[in-house]
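Here is a walk through one protein model, taken step by step. Keep the structure in view as you read.

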Amino acid sequence: MPADDESESQSRSVAAVERAMDVLLYFGRTEQPDLGVTEIASALGLTKAAVHRILTALRSRDLITLDTSTRRYALGHAAVALGRAYLARTDVRAMAAPELKWLSERTQETATLSLRRGDTRLYADQVVPNQELRLEVSLGIPFPLHAGGSSKAFLAWVPDFELDAYLARHPLEAVTAKTITDPAKLRKDLAGIHRRGYATSLGERQAGAASVAAPIFDHDGHVVAVISVAGPALRFKPDSGSAVVDDLLAAAARISAQLGYTD
């Protein structure tokens, strides 16, 4: 085959692959559970014949499935498997692990990762320093969202209606003598947290403990996790503008960037 013909053939092959990718990605972008050939062709500027050929090829690899009664197409199990593989590779706990280690080494205090579960928050991981006097947390135990730095870092970024609903469902019970139990004071505190980008706590969840916490955002700007640095209040002073706060915010930004978040 002459060089020009071979180059032209390769270009056509690349173009065909790109069109097939466009069709597959369109299924991921649309909010509809299934699509017809005409809809896809119109949305992507392709002929119905081209779309039909692409769908047939994608069906042969189980990336697309066809409902024979409606003649509409949806993502197949192979596409779902790809999505699950991606989610497995973007596990927040795995992403945060090196940052927790870095934070603990930098601060010589305990670094933690928290996840939200409904109206509660739990510790999912921690790295503790090599110090005789240190703070350790209990993993997997649910805590209320109004008590402590990590909890408030979740609550500070929820929409107003969600905060209203939380306060309506849950009386602000005192976990310690320093827990904020007045809704107006909590709202004011959460507004400040949102404004400066991090939360602090001095004995609000655990007496004698101090912490500073920052949210982890996903590609949609939703808070999916919180990381914190915590230590004995007698020693650990997470003041505004301190190196600890700067390090925490830098670590949170790096994890958020891995999840596709751009500020």
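**A serine and its surroundings**

Set aside the neighbours within four places in sequence, and Ser211 is in contact with Gly149, Ala199, Thr200, Ser201, Val229, Ala230, Phe236 and Pro238. The model is predicted, not taken from an experiment. Ser211 belongs to strand S7. Is this serine buried or exposed? Ser211 counts as buried, because its relative accessibility is 12% and the cut-off for buried is under 20%. The strand around Ser211 is mostly covered too: nine of the nine residues of S7 are buried.

Now follow S7 to its partners. Strands of a sheet pair through backbone hydrogen bonds, in a parallel or an antiparallel sense. On one hand there is strand S6, residues 199-202, which runs antiparallel to S7 and is joined to it by four bridges. Here Ser201 stands opposite Ser211. Ser201 is also one of the residues in contact with Ser211. S6 and S7 make a hairpin, with six residues between the two strands. In that turn, Gly203 has a positive phi of about 75 degrees.

S7 also pairs with strand S8. This pairing is antiparallel as well, and it runs over nine bridges. Two pairs can be picked out. Ala210 stands opposite Gly231 in S8, and Phe217 stands opposite Val223 in S8. Again the two strands form a hairpin, this time with five residues between them. Gly221 sits in the turn, with a positive phi of about 80 degrees.

**The whole sheet**

Step back from S7. Which strands make up the open sheet, and in what order? There are six, in the order S5-S4-S3-S8-S7-S6, and the pairing is antiparallel. Strand S5 (143-144) and S6 stand at the edges, each with a single partner strand, so one side of each has no neighbour in the sheet.

**The cavity**

Next, look for empty space inside the protein. Rolling a probe the size of a water molecule over the atoms shows where such space is left. How many cavities of 30 Å³ or more does the structure hold? It holds one. The space in this largest cavity comes to about 140 Å³. Its lining is made of 17 residues. Those nearest the centre are Tyr123, Ser201, Arg205, Ala209 and Ser211. Two of these names are familiar: Ser201 and Ser211 stand opposite each other in S6 and S7.

Several elements build the lining. Strand S4 (120-127), helix H6 (149-155), S7 (209-217) and S8 (223-232) each supply at least two residues. The largest share, three residues, comes from S7. What kinds of residue line the cavity? Six are nonpolar, eight are polar and three are charged.

**A second serine**

Move to helix H5, residues 92-107, where Ser104 is found. Ser104 is buried, because its relative accessible area is 4% and buried means under 20%. Where does its side chain reach? The side chain of Ser104 comes to 2.8 Å from the backbone oxygen of Glu109. Leaving aside neighbours within four places in sequence, Ser104 is in contact with Glu109, Ala111, Val127, Val128 and Pro129.

Just after H5 comes a loop that leads to strand S3 (110-117), and Gln108 lies in it. Phi of Gln108 is near 60 degrees, a positive value in a residue other than glycine. Gln108 counts as partly exposed, because its relative accessibility is 35%, between the cut-offs of 20% and 50%.

**A hairpin earlier in the chain**

One more pair of strands remains to be visited. Strand S1 (residues 64-67) and strand S2 (residues 72-75) run antiparallel, joined by four bridges. Leu66 has Tyr73 in S2 as its bridge partner. The two strands form a hairpin with four residues between them. Arg71 lies in the turn and has a positive phi of about 60 degrees.

Asp62 lies in the loop between helix H3 (48-60) and S1. Asp62 also has a positive phi, near 60 degrees, although the residue is not glycine. Is Asp62 buried or partly exposed? Asp62 is partly exposed, with a relative accessible area of 36%.

Key: Residues numbered from 1 in each chain as written. Predicted model: local features only at pLDDT ≥ 70, side-chain atom pairs only at ≥ 80, totals over all residues. Heavy atoms only, no water. 1 Å grid on protein atoms, 1.4 Å probe; cavity = no way out; pocket = protein on both sides within 12 Å on 5 of 7 lines; lining within 4 Å. Points joined across faces, edges and corners; volume = space filled by probe spheres on them. Nonpolar A, V, L, I, M, F, W, Y, C, P; charged D, E, K, R; others polar. Buried < 20%, exposed > 50% of the residue type's maximum accessible area, 1.4 Å probe, protein only. Contact = heavy atoms within 4.5 Å. Pairing = 2+ DSSP bridges. Polar contact = N/O pair within 3.5 Å; in protein donor to acceptor, adjacent residues only side chain to side chain.
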